[in-house]
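Please explain how the ligand is held in this structure, and describe the pockets that the protein forms.

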Amino acid sequence: MTALQQQLLNLRDSLPEGVQLVAVSKFHPVEALREAYEVGQRLFGESRVQELQEKQALLPKDCEWHFIGHLQTNKVKYIAPYVALIHAVDSWRLLHEIDRQAARHARRIRVLLQVHVAQESSKFGFSPDELREFLNLGMWRECQHVEICGLMTMASFVDDEAQVRAEFGQAQELFAWAKAQHFAQSPHFTTCSWGMSDDYPLALEKGSTLVRVGSKIFGARQ
Ligand SMILES: *Cc1c(COP(=O)(O)O)cnc(C)c1O
């Protein structure tokens with residue numbers, strides 16, 4: 001057993017029942033992903049399209065590939081045939097393009113809506129108000145080839161645990177609101193993707209069902 005494998009198993013054992021782990025393998029070589037695969041890891045997260053394409057071609061076909069980064073509309077077509085979950089949808093334009101590409105491949109692509117709750121400024125993600133407005137407008141219902149499965153967020157990169165808890169708590173409240181208002185009839189709207197290496201224990205306190213952990217498994221990125 002390698003150190004990476006031991007680390008991965010320890011992490012998986014420590015997660016509550018029902019919480020899934022995305023092994024964030026961006027910037028790490030294919031050999032590292034193979035090591036994780038050997039101890040049963042199947043969910044991998046990547047944030048660049050070209051890197052994902054290369055790795056997907058080399059790893060066994062039963063891997064599930066999650067796209068966790070900012071996705072440019074013009075690159076959706078490359079990953080549409082196989083991507084298992086797109087975490088960071090933050091515009092109508094992107095959602096619509098995913099729908100279009102999914103239709104071309106006669107599949108339904110699972111996505112999460114990215115919400116921006118961190119105090120730190122970021123270009124990406126709907127603000128809570130924008131998210132509510134987007135869902136209330138209802139245009140997303142036209143997208144028959146996407147399945148909106150929940151929300152994704154990132155907290156601020158700060159040591160202040162109270163702040164991080166409050167931010168994840170805000171995402172948790174938005175999830176509950178969206179579920180009650182718009183997805184009460186959907187068995188698929190179940191995913192809260194929050195928590196990374198440094199803050200996943202706090203994310204779990206606030207309802208996370210899917211943690212995205214990279215450096216704690218694979219070490220520092222090159
Ligand atoms: C890189 C990345 C992660 C993993 O970060 P670590 O701190 O290495 O665990 C999680 N989510 C997103 C969106 C990322 O880009």
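In this predicted model, an oxygen atom of the ligand lies 2.7 Å from a polar side-chain atom of Arg221. Lys26 takes part in a contact of this kind as well: a polar atom of its side chain is 2.6 Å from an oxygen atom of the ligand. Arg212, by contrast, faces a nitrogen atom of the ligand, with an N or O atom of the Arg212 side chain at 2.9 Å. On its own the ligand has 390 Å² of accessible area, and the protein covers 91% of that area.

These three residues belong to a wider shell. Lys26, Arg212 and Arg221 are among the residues that surround the ligand, together with Val24, Ile68, Met152, Met154, Met196, Ser197, Val213, Gly214 and Ser215. Sorted by class, this shell holds six nonpolar, three polar and three charged residues.

Where in the protein does the ligand lie? The space that the ligand takes is the largest pocket. The volume of this pocket is about 730 Å³, and 36 residues line it. Nearest the centre of the pocket are Met154, Ala155, Phe157, Met196 and Arg212. Of these names, Met154, Met196 and Arg212 also appear in the shell around the ligand. The lining as a whole comprises 15 nonpolar, twelve polar and nine charged residues.

The protein also has another pocket to consider. The second largest pocket has a volume of about 220 Å³, and its lining consists of 13 residues. Arg108, Trp140, Arg141, Glu147 and Phe183 are the closest to the centre of this second pocket. Which element supplies the largest share of the lining of the second largest pocket? That element is strand S6, which spans residues 146-152 and contributes three residues. By class, the lining of the second largest pocket is made up of six nonpolar, four polar and three charged residues.

Taken together, the description centres on the largest pocket, which is the space taken by the ligand, and on the side chains of Lys26, Arg212 and Arg221, each of which places a polar atom beside an oxygen or nitrogen atom of the ligand at the distances given above.

Conventions
Residues are numbered from 1 along each chain as its sequence is written. This is a predicted model: local features need pLDDT of at least 70, side-chain atom pairs count only at pLDDT 80 or more; totals for chains, interfaces and linings use all residues. Side-chain values use heavy atoms; hydrogens and water are left out. On a 1 Å grid over the protein atoms alone, a cavity is a set of points where a 1.4 Å probe fits but cannot get out, and a pocket is an open set with protein on both sides within 12 Å along at least five of seven lines; lining residues have an atom within 4 Å of a point. Grid points are joined across faces, edges and corners, and a volume is the space filled by probe spheres set on the points. Ala, Val, Leu, Ile, Met, Phe, Trp, Tyr, Cys and Pro count as nonpolar, Asp, Glu, Lys and Arg as charged, and the others, Gly among them, as polar. Helices (H or I, at least four residues) and strands (E, at least two) are DSSP runs, numbered from the N terminus. A residue is near a molecule or strand if one of its heavy atoms lies within 4 Å of it. A polar contact is a pair of N or O atoms within 3.5 Å; within protein, one must be able to donate a hydrogen and the other to accept it, and residues adjacent in sequence count only if both atoms are side-chain atoms. Accessible areas come from the Shrake-Rupley method with a 1.4 Å probe; for residues, only the protein chains shown count as cover. A molecule sits in a cavity or pocket if more than half of its atoms lie within 2 Å of its grid points.
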